[in-house]
Amino acid sequence: PDRGAKLPTFRVAVFPVTCGEWQAYLQALQAVDPAQAAARVPRLREGSVSLWQHAGAAIFGEFDPERPVSGITLADAHAYAQWRAREERVRYRLPTSAEWEKAARGVDARGWPWGEGPPGPDAVAPFGLHPVGEVAQDESPYGMRDVASGVFEWTLTAARGDPSACYVRGNCSALPLQGAPCVRRLTWDPARPSPFIGFRLVIAP
């Protein structure tokens, strides 16, 4: 975990960015740069087919605009944040690992969004990817939702000992839960998309 960090004030999105929000971005990009729009379609893995086509649907189900977007790189997520910032005139960006952890753990440094201890039956989503906000109990003290029942999330923080990788945080409900999601921290190649990794935005000064 990111210990002892004193952070400036920031605002974190309640939910991860959804497929519907990502689709709106692609449609806007298609109008000005079709090649870039095609390059930023969510994918099962680098160089593979779209996560939203038959191959992806066979694993995760049909396209659902309310499901968190995944299968995008860190650069894709940056590009989306910049587009949203221009559209809304708001200073959006991705969170650092420390910001994400602070928003998830709250003032009492909890390991689980609902407190301490593994989830009860009401805090467990069915195995797979689901619309955001489906598990009401999955909410941090600061109101951040889907910490344990959403997708892993990109952060801006480079991994210690491997500057070519960055930290992803949280948990993906399409994978077995291992450890407390508010403190769990994995490393991943930022240029490598994964169907289990998405992101959320923060607003920061």
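**Reading strands, helices and cores**

Trainee: Let's start with the strands. In which sense do strand S3 (residues 152-159) and S4 pair, and over how many bridges?

Mentor: Keep in mind that this is a predicted model. To read a strand pair, look at its direction and count its bridges. Here S3 and S4 are antiparallel, with 4 bridges between them. For a concrete pair, take Ala159, which sits opposite Asp162 in S4.

Trainee: How many residues lie between S3 and S4 in the hairpin, and which residue in the turn has a positive phi?

Mentor: The hairpin leaves 2 residues between the strands, and Gly161 in that turn has a positive phi of about 85°. Then follow S4 to its other partner: S4 and S5 run antiparallel and are joined by 4 bridges. One facing pair there is Cys166 and Trp188, the latter in S5.

Trainee: Now the open sheet. What is the order of its 3 strands?

Mentor: The order is S1-S7-S2, and the pairing is antiparallel. S1 and S2 are at the edges with a single partner strand each, so each has one side without a neighbour in the sheet. S1 meets S7 over 2 antiparallel bridges, and Val12 has Val202 in S7 as its bridge partner.

Trainee: On to helices. How far does helix H1 (residues 19-32) reach from its first C-alpha to its last?

Mentor: Compare the span with the expected one. H1 has 14 residues and reaches 20 Å, close to the 20 Å expected at 1.5 Å a residue.

Trainee: And which residues of H1 are buried?

Mentor: Cys19, Trp22, Tyr25, Leu26 and Leu29. Looking down the axis of H1, you find these buried residues within an arc of 115°, so they line one face of the helix. Gln27 and Ala31, on the other side of H1, are exposed. The cover over the buried residues of H1 includes helix H2 (34-39) and helix H4 (74-88).

Trainee: How many of the 9 residues of helix H5 (residues 97-105) are buried?

Mentor: For H5 the count is 8 of 9, so mostly covered by the burial cut-off of under 20% relative accessible area. Among the buried ones are Glu99, Trp100, Glu101 and Arg105. They don't pack against one element: the buried residues of H5 touch strand S1 (11-12), strand S2 (92-93), S3, S4, S5 and strand S7 (202-203). Just after H5 comes Gly106, with a positive phi of about 75°.

Trainee: What about cores? Which residues touch the most other members of the largest nonpolar core?

Mentor: The general idea first: nonpolar side chains in soluble globular proteins tend to be buried together. In this model the largest nonpolar core has 33 residues, and Trp22, Tyr25, Tyr80, Leu94, Trp154, Phe199 and Leu201 touch the most other members. H1, H4, S3 and S4 each supply at least two residues of this core, and H4 gives the largest share, 7 residues. Apart from it lies another core, of 9 residues, including Ala104, Val147, Cys182 and Val202.

Trainee: Let me try Phe199. What is it in contact with, leaving aside its neighbours within four places in sequence?

Mentor: Its contacts are Pro16, Val17, Trp22, Val69, Ile72, Ala77, Tyr80, Leu94, Glu153 and Trp154.

Trainee: Now single residues. Is Ser173 buried or exposed?

Mentor: Ser173 has a relative accessible area of 8%, so it is buried. It lies in the loop between strand S4 (162-169) and strand S5 (185-188). For a buried polar side chain, check what its polar atoms reach. A polar atom of the Ser173 side chain is 2.5 Å from the backbone oxygen of Gly128, and the side chain also reaches the backbone oxygen of Ser149 at 3.5 Å.

Trainee: Where is Ser140, then?

Mentor: Ser140 is in the loop between H5 and S3. Its relative accessibility is 4%, so Ser140 counts as buried. A polar atom of its side chain lies 2.7 Å from the backbone oxygen of Ala103. Not counting residues up to four places away in sequence, Ser140 touches Ala103, Ala104 and Pro113.

Trainee: What is the relative accessible area of Leu186?

Mentor: It is 31%, so Leu186 is partly exposed. Leu186 belongs to strand S5. Leaving aside neighbours within four places in sequence, Leu186 is in contact with Phe152, Cys166, Tyr167 and Val168.

Methods
Residues are numbered from 1 along each chain as its sequence is written. This is a predicted model: local features need pLDDT of at least 70, side-chain atom pairs count only at pLDDT 80 or more; totals for chains, interfaces and linings use all residues. Side-chain values use heavy atoms; hydrogens and water are left out. Buried means under 20% relative accessible area, exposed over 50%, partly exposed in between (1.4 Å probe, protein chains only). A polar contact is a pair of N or O atoms within 3.5 Å; within protein, one must be able to donate a hydrogen and the other to accept it, and residues adjacent in sequence count only if both atoms are side-chain atoms. Two strands pair if DSSP finds at least two bridges between them. The expected span of a helix is 1.5 Å times one less than its number of residues. The arc is that of the directions from the helix axis to the C-beta atoms. Contact means heavy atoms within 4.5 Å. A nonpolar core is a set of buried Ala, Val, Leu, Ile, Met, Phe, Trp, Tyr and Cys residues joined through side-chain atoms within 4.5 Å.
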